[in-house]
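Welcome! Please take a moment to look over the sequence and the 3D view below before reading on.

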Amino acid sequence: MVKQLFKKIKEYETIIIHRHTRPDLDALGSQRGLALVLRKAYPQKKIYMVGDMSNRYAFLGEMDQISDEVYQNSLVIIVDVAVSNMVSDSRYLMAKEVFVIDHHKNECDITKNVIKDDSKIACAELITELLLEKKWNIPSEAATALYGGIVTDSGRFQYQETTGKTLAIAGKLLDLGADKEFIYKNLYTESLEERQLKNWFANRFETTEHGVAYLKNGPEIYEKFNVDFFNISRGMVGVMAGIKEISIWCNFTYDPANNTIVGEFRSRDISIVHIAKKYGGGGHDLACGATLNSFEEADLVIKDMDRLLV
């Protein structure tokens, strides 16, 4: 399938790169890194990046604004997601051909043209490996974007799935000019207000009998703080990490845009992705999530997580 993808890239004059909605840095880094490499290799082609944007990662760069007509006779490459309901911008359905590059454990329901390796800690790692194997030129800006994706999805290389190959690929990106200081400054420097917000959440999570920590953030949270959904859902799940007595932690946040509860699930060393899948979600063994209908359903998730620790 890799050979077919690169053949199609050579054939098409218009290539549009999508990724999942509410993107993390792996989605954005994979998308931008691949786009910049293709623009370098084929300056005559029209290469676009589309999708919703998160203020948290706006430092990486903006998305392209394109009309529906651009999709005519185009090739779409979707990165870091394999399930149709999570793709940002459904206009990928208008493309002539669609390929998916992903590293999650979910089955793909978008296309049969799938390049997937769930042993990779990040989609950016998989894409970098493909580009290096093809001996493509990776400019420094693309290397920076791809490096950012690997750093974040590996938890700064702390997560269990990080391999020697992960580190080697990250090192190669640094050799190619990836600006790690730019990534780290934007990711890990925060305002006093942001730190105080994290401290507030860190002081209110609850725990189960066997060591599952959880937060439940209802609609009132948006009245109390001037924050968006992403800042709470993805941004606060980490306040429960790194605690000796906590093996699994979950953050459940009301999503006003869709009137649902979004759960972010994390584990130190016990696979929990099967529980995410049980509730219609997915992801990685130790980092996954699901969209729920209510906080009552969140309670069921918590009970399932707790049973893993008995």
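The short report that follows looks at a helix pair, the cysteines and one loop residue.

## A predicted model

Please keep in mind that this is a predicted model.

## How two helices meet

Let us begin with helix 2, residues 25–41, and helix 3, residues 123–133. Their axes come within 8 Å, crossing at roughly 20 degrees. Angles under 35 degrees count as roughly parallel, so helix 2 is roughly parallel to helix 3. The crossing of this pair is left-handed.

Which residues make the contact between helix 2 and helix 3? Helix 2 brings Asp26, Ser30, Leu34 and Val37, and helix 3 brings Cys123, Ala124, Ile127 and Leu131. Sorted by character, the residues of this contact come out as 6 nonpolar, 1 polar and 1 charged.

## A closer look at helix 3

Is helix 3 mostly covered or mostly open? Helix 3 is mostly covered, with 9 of its 11 residues buried. The buried set starts with Cys123, Ala124, Glu125, Leu126 and Ile127, and it continues with Thr128, Glu129, Leu130 and Leu131. Cys123, Ala124, Ile127 and Leu131, the residues that helix 3 brings to its contact with helix 2, are therefore buried as well.

After helix 3 comes Lys135, a residue with a positive phi, near 60 degrees.

## The cysteines

A disulfide is a covalent bond between the sulfur atoms of two cysteines. How many disulfides does the structure hold? The count is 0.

Take Cys108, which is in no disulfide. The nearest cysteine sulfur to that of Cys108 belongs to Cys123 and is 12 Å away. A disulfide needs the two sulfur atoms within 2.5 Å, so at 12 Å Cys108 and Cys123 do not form one. Cys108 has a relative accessible area of 23%, making it partly exposed.

Cys288 is in no disulfide either. For Cys288, the nearest cysteine sulfur is that of Cys250, 8.2 Å away. Is Cys288 buried or exposed? With 4% relative accessibility, Cys288 counts as buried.

## A residue in a loop

Finally, where does Ser67 lie? You can find Ser67 in the loop that runs between strand 2 (46–49) and strand 3 (75–79). Its relative accessibility is 35%, so Ser67 counts as partly exposed.

To place Ser67 in the wider model, look also at Asp255, which is 188 residues apart from Ser67 along the chain. The C-alpha atoms of Ser67 and Asp255 are separated by 28 Å.

Methods:
Residues numbered from 1 in each chain as written. Predicted model: local features only at pLDDT ≥ 70, side-chain atom pairs only at ≥ 80, totals over all residues. Heavy atoms only, no water. Axes fitted to C-alpha atoms, helices over the stretch in contact; angles between N-to-C directions. Helix = DSSP H or I, 4+ residues; strand = E, 2+ residues; numbered from the N terminus. Parallel < 35°, antiparallel > 145°, perpendicular 65-115°, else oblique. Left-handed = near helix turned anticlockwise from the far one by under 90°. Contact = heavy atoms within 4.5 Å. Nonpolar A, V, L, I, M, F, W, Y, C, P; charged D, E, K, R; others polar. Buried < 20%, exposed > 50% of the residue type's maximum accessible area, 1.4 Å probe, protein only.
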